[in-house]
Amino acid sequence: MQLKDYLKQGRLVADGAMGTYFEAKYPEEGGMAEACNLSCPQKIKAIHLEYIQNGARLIRTNTFAANTMFFDTVDTVTQVVKAGWQIAEDAVKEAGREVFIAADIGPVYDPQFLGSEQVLKEYFAICDAFLACGAEIFALETQTEFAYAREVASYLKKQKDVFVSVTFSVDQNGYTRSGVGMEKLIRQAAEADEIDAYGFNCGVGAAHLKRLLQKASFPGEKFLAALPNAGYPVELRGKTIYQDNKDYFVEMMRGIAGLGADILGGCCGTAPEYICDLKKALTDLPAFPKKTEALEQAAGTASLAPVRMPGGQNKKQILVELDPPFGIDISKVLNGAAKVKEAGADMLTLADSPMARVRMDAAKLAAYVQRKVGIPVMPHICCRDKNVIAMRSGILGDYMNGLRNFLVVTGDPVGRDDRGVVTPVFDFNSIRFMGYLAEMNADVFAEEPVRYGGALNYHGANADAIVRRMKQKMENGCAVFLTQPVYSEEDMKRVAYLKEQSGATVLCGILPLVSYKNAVFLANEMPGIRIPEEIIARYAPDMGRQEAERVGISLAVELAERMRDTADGYYFMTPFNRAEMMAEIVRRVRRQV
């Protein structure tokens with residue numbers, strides 16, 4: 001019998017967790033369950049048999065973590081995949097029962113930001129290995145966003161008429177680690193012809209999933225899957241322990257079944273006895289109700305269009321960057337903020353520990369300066385140092401403190417001398433976090449969305465690749481781009497080309513030079529900054545500070561004038577906390593624009 005035909009007749013009970021049950025059953029192995037597909041396949045088969053004997057009519061192959069996050073090469077991954085399929089087949093044959101086998105595929109992450117093409121290449125290799133084994137049911141589990149799931153499902157459908165189920169992992173509030181809301185995932189999955197069933201697994205326990213599903217609407221008549229965790233784990237002596245709450249889990253799952261779930265099973269912490277009692281609890285449950293009608297088209301689609309940054313429609317915007325201190329003395333920042341505000345700057349921006357060197361938290365300082373000085377402040381938000389939990393909680397706190405503008409950057413890498421001591425996180429890159437903010441704008445910030453910009457590293461070899469990246473950011477709500485410092489005519493033309501091809505709002509970066517030594521250093525030590533010899537020649541090694549500052553002020557104003565036709569505004573970076581110098585530049589530029 002085909003899985004679709006079975007589901008049309010009634011509910012399907014799937015298995016529970018392979019990984020956590022394997023760890024509990026075979027603690028002596030001490031490694032990943034998926035690795036045992038090759039080293040001790042009989043132990044994996046024994047677990048499959050337990051789930052089948054306890055009532056599971058669908059088992060998932062032991063391949064959830066079969067990807068290069070955990071195995072060295074794609075070739076090894078495909079060996080693990082094929083072995084996992086064979087073990088599941090052997091278990092079904094030994095059980096002598098009609099049991100469906102789902103090719104289980106977990107998320108393939110991209111921690112090095114190699115790009116979607118590389119990620120999809122690995123997904124497709126895993127799919128090909130399963131297809132070669134004869135798989136006809138695919139379970140894409142614990143997904144955090146829709147794009148990859150749809151791409152993989154589409155690829156599979158082109159190869160063979162297979163059944164594809166996609167389940168997403170959300171937290172207790174209904175969001176994935178990528179910040180995508182539950183309602184949006186439901187809507188996207190329901191509208192995707194490539195997907196036969198969708199639902200949720202992992203991330204939440206049964207009680208929270210039940211609550212979330214009670215609030216949701218389900219467009220269309222696709223099959224709905226619910227495979228939550230047994231509950232929430234605790235760490236005990238280095239081990240992850242789930243509470244034995246079988247009766248409570250089953251009670252909650254019975255409620256979920258009553259909401260219309262077609263495929264019911266378990267994720268982390270659920271053992272064979274959970275499935276046994278779940279199977280019994282569903283036998284006397286009435287036929288599930290027809291799913292609710294389609295969502296309104298407008299539901300959950302608050303505008304994600306870029307929001308223009310402050311500055312007005314008829315004047316060029318002027319942003320000034322100040323440096324947060326290394327210690328606790330913020331007097332220079334407050335003094336500089338007051339001076340550039342009086343000179344006519346529209347907004348301040350504060351960097352987030354650039355060059356991976358610790359400075360005062362940009363967002364906390366931004367909120368304080370904004371209150372004290374009365375000028376909008378846009379802190380940089382760096383993806384290097386915080387995980388998804390800290391990033392979201394930080395933005396919520398920033399919003400509560402009145403911040404509405406952010407510059408999202410991936411972040412400079414940790415220096416080689418700090419590796420092994422300082423740990424980079426990078427749950428996001430800048431594009432992914434922009435997408436996360438877009439989701440928050442559509443939901444928690446819907447009444448007053450935040451505005452965010454991105455950095456423009458214009459000096460890359462492939463201009464068209466830079467344009468594509470800019471468009472990706474704009475599609476994720478990026479309102480404006482701030483460039484690195486621009487000095488040369490060649491770079492001005494490059495920025496103009498990027499702006500024209502992308503249609504972006506661009507604030508051209510200008511870093512005033514304060515001395516001959518400063519100019520030579522930047523020209524030779526800072527990657528991506530080109531300073532023509534004729535500009536360096538305007539300074540002399542023995543030039544005094546005041547004279548050099550006058551040259552720097554004149555040069556900055558000239559650069560702004562030369563970029564007048566290209567720039568939507570200017571992004572001035574304050575050198576060495578020289579606020580008086582920056583205020584004079586802002587006054588002169590404001591008069592000429």
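In the predicted model, the contact between helices H14 and H15 is formed by Val388, Met391, Arg392, Ile395 and Leu396 on the H14 side, which meet Phe433, Tyr436, Leu437 and Met440 of H15. Sorted by class, the residues of this contact comprise 8 nonpolar and 1 charged, with no polar residue among them. Helix H14 spans residues 388-400 and helix H15 residues 430-442, and their axes come within 12 Å of each other while crossing at roughly 50°. Because this angle lies neither under 35 degrees, nor over 145, nor between 65 and 115, H14 is classed as oblique to H15. The crossing in which H14 passes H15 is right-handed.

A second helix pair is formed by H10 (residues 246-258) and H11 (residues 272-282), whose axes lie 9 Å apart and whose packing angle is about 40°; that makes H10 oblique to H11. Helix H10 likewise passes H11 in a right-handed crossing. On the H10 side the contact involves Lys246, Asp247, Phe249, Val250, Met253, Arg254 and Ala257, and these residues meet Glu273, Tyr274, Asp277, Leu278, Ala281 and Leu282 in H11. The class composition of the H10 contact with H11 is 8 nonpolar and 5 charged residues, again without a polar one.

Turning to the strands, 8 of them close into a barrel with parallel pairing, in the order S11-S12-S13-S14-S15-S16-S17-S18. Averaged over this sheet, neighbouring strands are turned by 30° against each other when direction is ignored. Strand S11 (residues 317-322) runs parallel to strand S12 (residues 347-350), and the two are joined by 4 bridges; within this pairing, Leu319 has Met347 of S12 as its bridge partner. Helix H12, comprising residues 331-343, packs on the sheet and touches both S11 and S12, with its direction making about 165° with that of S11. Because angles over 145 degrees count as roughly antiparallel, H12 can be described as roughly antiparallel to S11. Helix H13 (residues 362-373) lies across S12 and strand S13 (377-382), and its direction is at about 175° to S13.

As regards charged side-chain pairs, the count comes to 31 salt bridges. One of the salt bridges is that between the side chains of Glu98 and Arg57, with an N to O distance of 3.6 Å. This pair links distant parts of the chain, the two residues being 41 residues apart: Glu98 is located in the loop between helix H5 (74-95) and strand S3 (100-105), whereas Arg57 is located in the loop between helix H4 (41-53) and strand S2 (58-60).

Technical notes:
Residues are numbered from 1 along each chain as its sequence is written. This is a predicted model: local features need pLDDT of at least 70, side-chain atom pairs count only at pLDDT 80 or more; totals for chains, interfaces and linings use all residues. Side-chain values use heavy atoms; hydrogens and water are left out. Two strands pair if DSSP finds at least two bridges between them. Axes are lines fitted to C-alpha atoms, for helices over the stretch in contact, and angles run from 0 to 180 degrees between N-to-C directions. Contact means heavy atoms within 4.5 Å. A crossing is left-handed if the near helix is turned anticlockwise from the far one by less than a right angle, and right-handed if clockwise. Ala, Val, Leu, Ile, Met, Phe, Trp, Tyr, Cys and Pro count as nonpolar, Asp, Glu, Lys and Arg as charged, and the others, Gly among them, as polar. A salt bridge is a side-chain nitrogen of Lys or Arg within 4 Å of a carboxyl oxygen of Asp or Glu.
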